[in-house]
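Trainee: I would like to go through the cysteines and the aromatic rings, and hear the reason behind each label.
Mentor: Ask about them in that order.

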Amino acid sequence: MNDAGFQYELALPLGTADCVVVLLHGSGRDENDLLAFGRAVFPNAVLYALRGAVPWENGYAFFRRKPDRQIDVDDLKAQATRLCMFMDFVIRQTGQTPFLVGYSNGAIMAAEVLCQNGSLAQGAILLRPLSPRKHEELPSLSGVPVLLLAAKHDERRAENDARDLADQFISAGADVRLEMLAGGHGWAEDAADEKLSRQWLATKEPG
């Protein structure tokens with residue numbers, strides 16, 4: 001089995017696992033950043049917390065940005081192809097299709113993974129997302145459940161970024177829910193992201 005060269009933390013639940021989750025952190029962070037969030041939302045999951053392959057600021061990212069902070073689309077697509085290999089590794093290792101959870105840079109990467117191969121994920125929770133393929137028609141994602149958690153005062157996102165991505169997912173056939181929180185870009189400002197994620201997940205059937 002090939003983990004595509006990613007470094008990751010593996011966190012097992014105390015009891016019997018009911019699902020598998022792959023966690024993708026934001027820019028300048030590392031594989032430990034979403035572990036507490038992942039455990040709060042998926043208390044009985046096997047968590048794979050990845051480290052982005054691109055050194056960035058004081059941590060890592062999953063893909064590069066250009067000097068003007070525009071997405072380096074070529075690098076995004078290449079890194080997402082590697083991540084698809086990791087997702088396949090997780091499926092082969094656990095026998096289960098994982099959920100994807102991504103924050104900011106990791107949310108963009110997760111969205112691109114869905115675009116490249118939606119069958120590799122049971123669903124996705126995307127915090128402070130942005131479309132990896134603006135103004136494009138996405139490949140079919142029929143029935144794939146996706147939760148988008150945006151924020152009204154997000155200083156790193158335009159007002160319609162999350163809505164535009166939601167519309168793209170809906171057009172691709174995904175089962176989409178978009179929630180707009182009162183806070184900013186950071187997901188740990190309060191427990192709203194965790195609460196909404198748990199409520200959404202309760203309507204799905206992991207595992």
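Mentor: Buried means under 20% relative accessible area, exposed means over 50%, and partly exposed lies in between, with a 1.4 Å probe and protein chains only. This is a predicted model, in which local features need pLDDT of at least 70 and side-chain atom pairs count only at pLDDT 80 or more, while totals for chains, interfaces and linings use all residues. Residues are numbered from 1 along each chain as its sequence is written, and side-chain values use heavy atoms, leaving out hydrogens and water.

Trainee: Why does Cys-115 count as buried?
Mentor: Its relative accessibility is 6%, and the limit is under 20%, so Cys-115 is buried.

Trainee: How do you know that the count of disulfides is zero?
Mentor: A disulfide needs two cysteine sulfur atoms within 2.5 Å. The closest cysteine sulfur to that of Cys-19 belongs to Cys-84, 20 Å away, so a bond is ruled out by distance. For Cys-115 the nearest cysteine sulfur is also that of Cys-84, at 9.9 Å, and Cys-115 is in no disulfide.

Trainee: What makes Phe-86 and Phe-89 a tilted aromatic pair?
Mentor: Rings of Phe, Tyr and Trp (its six-membered ring) pair if their centres lie within 6.5 Å; planes under 30 degrees apart are stacked, over 60 edge-to-face, and the rest tilted. Here the centres are 5.4 Å apart and the planes make 50°, so the pair is tilted.

Trainee: Which cluster do ring pairs form?
Mentor: Phe-6, Tyr-8, Tyr-48, Phe-86 and Phe-89 are linked into one by ring pairs.
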